[in-house]
Amino acid sequence: MQPRNMSMRGVVDLGAVKAAADNAAKRAATPAGEPAAASGGQRVVIDVTEATFETDVLALSQQAPVVIDFWAEWCQPCKQLSPLLERLAEEYAGRFVLAKIDVDANPRLAQEFGIQGIPAVMAVVGGQLAPLFQGVVPEQQARQVLDQLVQLGEERFGLTGVVVGGAGPEIDESATEVDEEPAGDPLLAAADEALESGDLDGAVQAFRNVLSDHPAHAEAKLGLINTELLVRTQGVDPAKAREAAAEHPDDAAAQTLAADLDILDGRADEAFARLVETVRRTAGDDRNKARLHLLDLFEIVGADDPRVPKARMALAGVLF
């Protein structure tokens, strides 16, 4: 996966999720009024449950990419991201369908997808899973990811989109077209292959190999930073990591790991504040490690995010 849109590169099989959905469907009937993917007309924003997952997500993903928004009523960042995704779903007019899953009402689905923090956004394309992003992202970034997703669906799976609304005419082919993008960078082929197979360590090494020969390669740098974040947090118990950070405020390693988890949960403000405070409290190597870690997190979130310049000023305030 390419850092900001690991989305297009980490495609894995959804067999386990499908099996869970099959079992759930046997236990519960489709809620009254809950629409399935209708051949005569499809809504572009739908609420999905365990009972309707197979029809409304897996089956529908054979026609158009299905973007899954994992959310909950109590989640404040969700209230920023969900309206944006809903508006874009309407704008894209059937080129993808937005499936909203309430994690409180559907904990089995959240567990099967490995959701550790919300908002979390994934996609299912031709029955295959592609992680997109976690946390609130700028609209421009969301559009870039969705454009790549639509293109992936067309080129790799031959998906043409769905008919929107009632029994109307087929979607105009021109509406499903996206601007052609240049072929992937051949320098990143090894990293792409490693990410596609789920080999995060291999992807890290591949990105490092590119940077060894091309130190200014921006995409490789961003890919390395994002993939290293996934490696650091893989298998980590968030509750225990945050407890350790709370008990040891001067432990730079504990604070940087907790900050990584904050980023994955979409809580960039908390991650930045945590590391700014760590820089203030520590000295020497620990201070420098916390500072550099914070700079990497700035890269992950993106310079166009308004929280980044604010945090940079806070960092400058404790450094100088």
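This report walks through a predicted model, starting with how far to trust it and then moving to its cores, its disulfide and a few individual residues.

**Confidence**

The chain has a mean pLDDT of 79, and 81% of its residues reach 70 or more. Confidence peaks in strand β4, at a mean of 94, and is lowest in strand β1 (residues 12-13), at 38. Two stretches call for some care, and the table sets them side by side.

| Stretch | pLDDT | Contacts beyond near neighbours in sequence |
|---|---|---|
| Residues 1-40 | below 50 | 102 contacts |
| Residues 166-182 | below 50 | 30 contacts |

Where pLDDT is low, the predicted coordinates should not be read in detail. Please keep that in mind when you look at the contacts of residues 1-40, where the pLDDT is below 50.

**The cores**

Let's turn to the interior. The largest nonpolar core has 28 residues, and those touching the most other members are F53, V57, I68, F70, F113, I115 and I118. Which elements give two or more residues to this core? They are α2 (53-59), β3 (66-71), β4 (97-102), α4 (107-112) and β5. Strand β3 gives the most, with four residues. Apart from this core lies another, of 23 residues, including L88, Y92, V121 and V125.

Some of the names from the largest core come up again among the aromatic residues: F53, F70 and F113 form one aromatic cluster. I118 is worth a look too. Leaving aside neighbours within four places in sequence, I118 is in contact with F70, W71, A72, W74, C75, C78, V103 and D265.

**The disulfide**

Both cysteines in that list of I118 contacts belong to the disulfide. The structure holds one disulfide, formed by C75 and C78, with their sulfur atoms 2.4 Å apart. A disulfide is a covalent bond between the sulfur atoms of two cysteines. Is this pair buried or exposed? Both C75 and C78 are buried. The torsion about their S-S bond is about 85 degrees, so the disulfide is right-handed.

**A hairpin**

Strand β5 (residues 120-125) pairs with strand β6 (residues 128-134) in the antiparallel sense, over six bridges. Which residue of β6 is the bridge partner of A120? That partner is Q134. The two strands, β5 and β6, form a hairpin with two residues between them, and G126 in the turn has a positive phi of about 60 degrees. Strand β5 is also one of the elements that give two or more residues to the largest core.

**Helices toward the end of the chain**

A search of the whole structure finds four aromatic pairs. One of them joins F272 and F298 in an edge-to-face arrangement, 4.9 Å centre to centre with 80 degrees between the planes. F272 lies in helix α11 (residues 268-281) and F298 in helix α12 (residues 284-301), so the pair ties together parts that are 26 residues apart in sequence. F272 and F298 are both buried.

Finally, here is a glutamine to look up in the structure. Q255 lies in helix α10 (residues 252-264). Why does Q255 count as buried? Its relative accessibility is 5%, and the cut-off for buried is under 20%. Not counting residues up to four places away in sequence, Q255 touches A245, H248, P249, R274, L275 and T278.

Definitions and conventions
Residues are numbered from 1 along each chain as its sequence is written. This is a predicted model: local features need pLDDT of at least 70, side-chain atom pairs count only at pLDDT 80 or more; totals for chains, interfaces and linings use all residues. Side-chain values use heavy atoms; hydrogens and water are left out. Two strands pair if DSSP finds at least two bridges between them. A nonpolar core is a set of buried Ala, Val, Leu, Ile, Met, Phe, Trp, Tyr and Cys residues joined through side-chain atoms within 4.5 Å. Buried means under 20% relative accessible area, exposed over 50%, partly exposed in between (1.4 Å probe, protein chains only). Contact means heavy atoms within 4.5 Å. A disulfide is a pair of cysteine sulfur atoms within 2.5 Å. Rings of Phe, Tyr and Trp (its six-membered ring) pair if their centres lie within 6.5 Å; planes under 30 degrees apart count as stacked, over 60 as edge-to-face and the rest as tilted. pLDDT is the predictor's confidence in each residue, from 0 to 100.
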